[in-house]
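Me: I have a model open and want to go through its strands and helices. Can you take my questions in turn?

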Amino acid sequence: MGLLRDWNYIERAVQIPALSEVIREALIRALFVRDDRVLPKDLIADLNRVPPVTVKVKDDGEVRKLVRVLNGEESTLSLGLSAEDYHYFRTQLGVGRTREFGAVVRPRTLLTYDWIVPEQRGVQLDFGGYAGIEFADGAHRAIAQVGATWKQLYDDGAAKGHAVPFVPTVPLDFAIGDAMCGDAPFASYRGEFTSYVNALRTISPFGHRARLGFEEVANNGTAYDLLHATVPLAAEFFIPVAVALRLEAKPAARKTLTYAFDDGAKLAAALDKLSRTSQTPSWVHITEAVAAKILRPAVASGAFTAQVTVGGSASGLAAKEKAIDTAMAGFTSKNAELPNPFDVPADGYRKSAEAVARSLFVGEVRVPAKSFGDFAGKVRTFGDQTAAKAGVYGSLRHTGIVSAFPFFSAPKDRSKVYDLSKGVRAIASRIPGTTFTSRLAHLWEEEAHFMRRMAFLRSLKLTIDTAHVVQPLVSP
C-alpha cells in the first residue's frame, strides 16, 4: 500500500508556491504521469527514486533485525552480511542520507498500478520465499505466510478437507499478502476478505513481533478491533508476515453451474433476483464476452457468463440447483460441466493468469446488480471510443452489489491509465449507487468526511510508527 504516503505528499505539494495555483486534480495527474512541464525538478526526482536495496526474506527474524537497523537501534554490522553485500548495503543506503530509511513490501502480483510516490531511499522486502502454510488440526483454520500464493492455499486446503471461502475476482496469481501490500481483490458471495481474517502476525516499526486479533477466534464483540480498522492499510502501520484465516469444511458435494446470457439487462435482473433469495453459493463469478474469451479461449461463450458455485450434501444439492435455476431465469444456456477459473490445475491457473495480466486494469467499481448490464455496456462503448477494447470481470455479493473490474486492451503507460481511470470514474458517477474505488479515486476524493478520515489515519500512523520505518511519510 501507499495511500497515506501519496495523500500526504499531495497535501504538501499543493502548499508549494510554484504549485499553489494548480488545480488539485491537475496536480495529481502531473504527479501520476511525471509531467516535467508542470512539476519542479526536485519532485520529478522524488517520483523517479526507488528503493535501492531489495532483501529476500526467509524468516521474520531477518525482518526484525533489518527494521532495527533502519530505525537506528542496531548497526548494519548486525545484519551478518558478506563483505561484498555489506559494502553494497552501506553504500546504497548511506550516500546522501537526507530522509528516514523506510521499508516497503513488494507485492507478488499487482493488479492495477503502483502508487504515485515510491518508497524513498529505503529497503524493499521480497517475501516470495516466505511462503509456508500451517493448517490447524481439528479445525478449519490456517496461518499463511504472506508470500504463500492464494492458489497454493486453495489447493493444499482442499487436499486436507478445507474449503477456502474467498476467491480473487480477477484470477491472477496473487500471494495472500497481496491483499494487504497490493491490491488483490479477494472476496466471496457472503463476505469480503477481511471477514475471513482472524489475525495478523506483524513486525512493528521497532522490530517487535506484534499480533493483531486472535488467531483462533474472530474479533467480534471485543470493542477493540485495530485489526479490521487497519487490514486494508496494514502495510502502512506494520510489516505483515503471516495471516490467520478462517476456512470452511470442504462440502460433501459441490457443483459449478455456468449460465450464458445474450443480454446484459437479463443478466442484471438474474443477479439482482439471486441476491434476494436465501441461497448462499460460495461465489458468483461474472465475465462478459472479452473476459470469457481470455479465461476460456477454447470455449464458445455468449455476451455474458455467470458461474455459480454451490456446495452441500449430495442429497440437498439438487434442490439448491433448482432454486438457483429459478433465480437465474433469462439464461440462454446452462452448463454443469464447465470448470470455474479456480479449480483448474496450478500450471493451468498460472497460464491463464498470465493471459489475464496482459490487460490494463484501472480499479474496482461497486455497482448495484440491477445496473450491472448498463455499466458493462457503457464500459464497452467507452473502450470503443478510446480505441481500447474493453471487458469486465465481476463477482456478486449477497448484498446485491457486484464488484466489477473493467479492463482494456491498451498500453500500460501512465497517461493511458490516468485517462481510462477518469473515463471509468465518469461512467460510475452516472449510475446511481455506484462507486469507483481505484487508487486514483481515493486521491481525487475531496469530500469533507473522507478528508477527516484520512487525517485521522495519518495521525494513527504517526502514533504507531514513531520510528518512521514502515513506508514513512515524505514531503516534497
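**Strand pairing and helix packing**

Me: In β3, what is the bridge partner of Val105?
Reply: This is a predicted model. Strand β2 (residues 103–105) runs parallel to β3, and 3 bridges join the two. Within β3, Val105 has as its bridge partner Leu125.

Me: Which residue in β3 does Lys56 stand opposite?
Reply: Strand β1 (residues 53–56) pairs with β3 in the parallel sense, over 4 bridges. Opposite Lys56 in β3 stands Asp126.

Me: Are Val123, Gln124, Leu125 and Asp126 of strand β3 buried or exposed?
Reply: Take the two faces of β3 (residues 123–126) in turn. Val123 and Leu125 lie on one side, Gln124 and Asp126 on the other. Buried here means under 20% relative accessible area. Both faces are covered, and the four residues are all buried.

Me: What is the strand order in the open sheet of 5 strands?
Reply: The pairing in this sheet is antiparallel. From one strand to the next, the twist averages 15°. The order is β4-β5-β11-β9-β10.

Me: Which strands stand at the edges of that sheet, and why is one side of each left without a neighbour?
Reply: Each edge strand has a single partner strand, so one side of it has no neighbour in the sheet. The edge strands are β4 (133–135) and β10 (209–213).

Me: In β5, what is the bridge partner of Phe135?
Reply: β4 and strand β5 (residues 141–145) run antiparallel, joined by 3 bridges. In β5, Phe135 is partnered by Ala142.

Me: At about what angle to β9 does helix α4 run?
Reply: Helix α4 (residues 60–70) lies across β9 (197–203), β10 and β11 (239–246). Its angle to β9 is about 50°.

Me: And helix α6, at about what angle to β4 does that run?
Reply: Helix α6 (residues 150–159) lies across β4, β5 and β11. Relative to β4, helix α6 runs at about 30°.

Me: How is α10 oriented with respect to α12?
Reply: The axes of helix α10 (residues 264–275) and helix α12 (residues 317–327) come within 8 Å. They cross at roughly 135°. That crossing makes α10, relative to α12, oblique.

Me: How many nonpolar residues does the contact of α10 with α12 have?
Reply: α10 contributes Ala270, Lys273 and Leu274. α12 contributes Ile324, Thr326 and Ala327. By class, 1 residue is polar and 1 is charged; the nonpolar residues number 4.

Note on methods:
Residues numbered from 1 in each chain as written. Predicted model: local features only at pLDDT ≥ 70, side-chain atom pairs only at ≥ 80, totals over all residues. Heavy atoms only, no water. Buried < 20%, exposed > 50% of the residue type's maximum accessible area, 1.4 Å probe, protein only. Pairing = 2+ DSSP bridges. Axes fitted to C-alpha atoms, helices over the stretch in contact; angles between N-to-C directions. Parallel < 35°, antiparallel > 145°, perpendicular 65-115°, else oblique. Contact = heavy atoms within 4.5 Å. Nonpolar A, V, L, I, M, F, W, Y, C, P; charged D, E, K, R; others polar.
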